[in-house]
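Student: I am new to this structure and would like a close look at a single part of it. Could you show me how two neighbouring helices are arranged, and then what salt bridges there are?

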Amino acid sequence: MTSLPADVEKRLRTLPDGLLEHIDRVKVEAKALAERHAVDPAQVDLAAATHDLCRAAADDALLRGAARYGLEVHPVEKRLPQLLHGPVAARWLEAEAGIRDQAVLSAAGCVEPDGAQD
């Protein structure tokens, strides 16, 4: 696997063990898919490692993160804020970790490049 940016590694170390194990499994599967589809393995590894960076956050923290990063929150997301974990993680990557790769940000946040959520 590729090495991850220091800010990402630091954030990953704060996550619960079970979530880290999940992320490791996702990274393994993502690597296999990257090879199969001839996609840049570094981009895939970073996106797979970071999609769940905010998964352990409390609902109120996710809503605050969405507000901080200017994300539009759908009424369903207001009722189920955990749905925001990917988009908030992607905005954190951009704003705090300095990641500018739109393919990585889109994949990590599960959003289309124009900002429309899947």
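Tutor: Happy to! Let's begin with a cut-off: an angle over 145 degrees between two helices counts as roughly antiparallel, while one under 35 degrees counts as roughly parallel. Please keep in mind that this is a predicted model.

Two packed helices are described by the angle between their axes and the distance between the axes. Here the pair is helix 6, residues 85–95, and helix 7, residues 102–109. Their packing angle is about 150°, and their axes are 7 Å apart. Helix 6 and helix 7 are therefore roughly antiparallel to each other.

Which residues make this contact? From helix 6 come Gly-86, Pro-87, Ala-90, Leu-93 and Glu-94. They meet Gln-102, Leu-105, Ala-108 and Gly-109 of helix 7. Sorted by character, the residues of this contact are five nonpolar, three polar and one charged.

Now look at the loop that joins these two helices. Glu-96 lies in the loop between helix 6 and helix 7, and its salt-bridge partner Arg-68 lies in helix 4, so the pair ties together parts that are 28 residues apart in sequence. The side chains of Glu-96 and Arg-68 come to 2.8 Å, N to O. Glu-96 is partly exposed at 35% relative accessibility, whereas Arg-68 is exposed, at 58% relative accessible area.

Helix 4, residues 59–68, also holds a salt bridge between Arg-64 and Asp-60. In this pair the N to O distance is 3.1 Å. Arg-64 and Asp-60 are four residues apart, which separates them by about one helical turn. Asp-60 is partly exposed, with a relative accessible area of 44%.

How many salt bridges does the count come to? There are three, and one of them links Asp-45 with Lys-27. In that pair the closest N and O atoms are 3.6 Å apart. Asp-45 sits in helix 3 (residues 41–50) and Lys-27 in helix 2 (residues 17–36), so this salt bridge ties together parts that are 18 residues apart in sequence.

Are Asp-45 and Lys-27 buried or exposed? Asp-45 is buried, because its relative accessible area is 4% and the cut-off for buried is under 20%. Lys-27 also counts as buried, at 12% relative accessibility.

Key
Residues numbered from 1 in each chain as written. Predicted model: local features only at pLDDT ≥ 70, side-chain atom pairs only at ≥ 80, totals over all residues. Heavy atoms only, no water. Axes fitted to C-alpha atoms, helices over the stretch in contact; angles between N-to-C directions. Parallel < 35°, antiparallel > 145°, perpendicular 65-115°, else oblique. Contact = heavy atoms within 4.5 Å. Nonpolar A, V, L, I, M, F, W, Y, C, P; charged D, E, K, R; others polar. Salt bridge = Lys/Arg side-chain N within 4 Å of Asp/Glu carboxyl O. Buried < 20%, exposed > 50% of the residue type's maximum accessible area, 1.4 Å probe, protein only.
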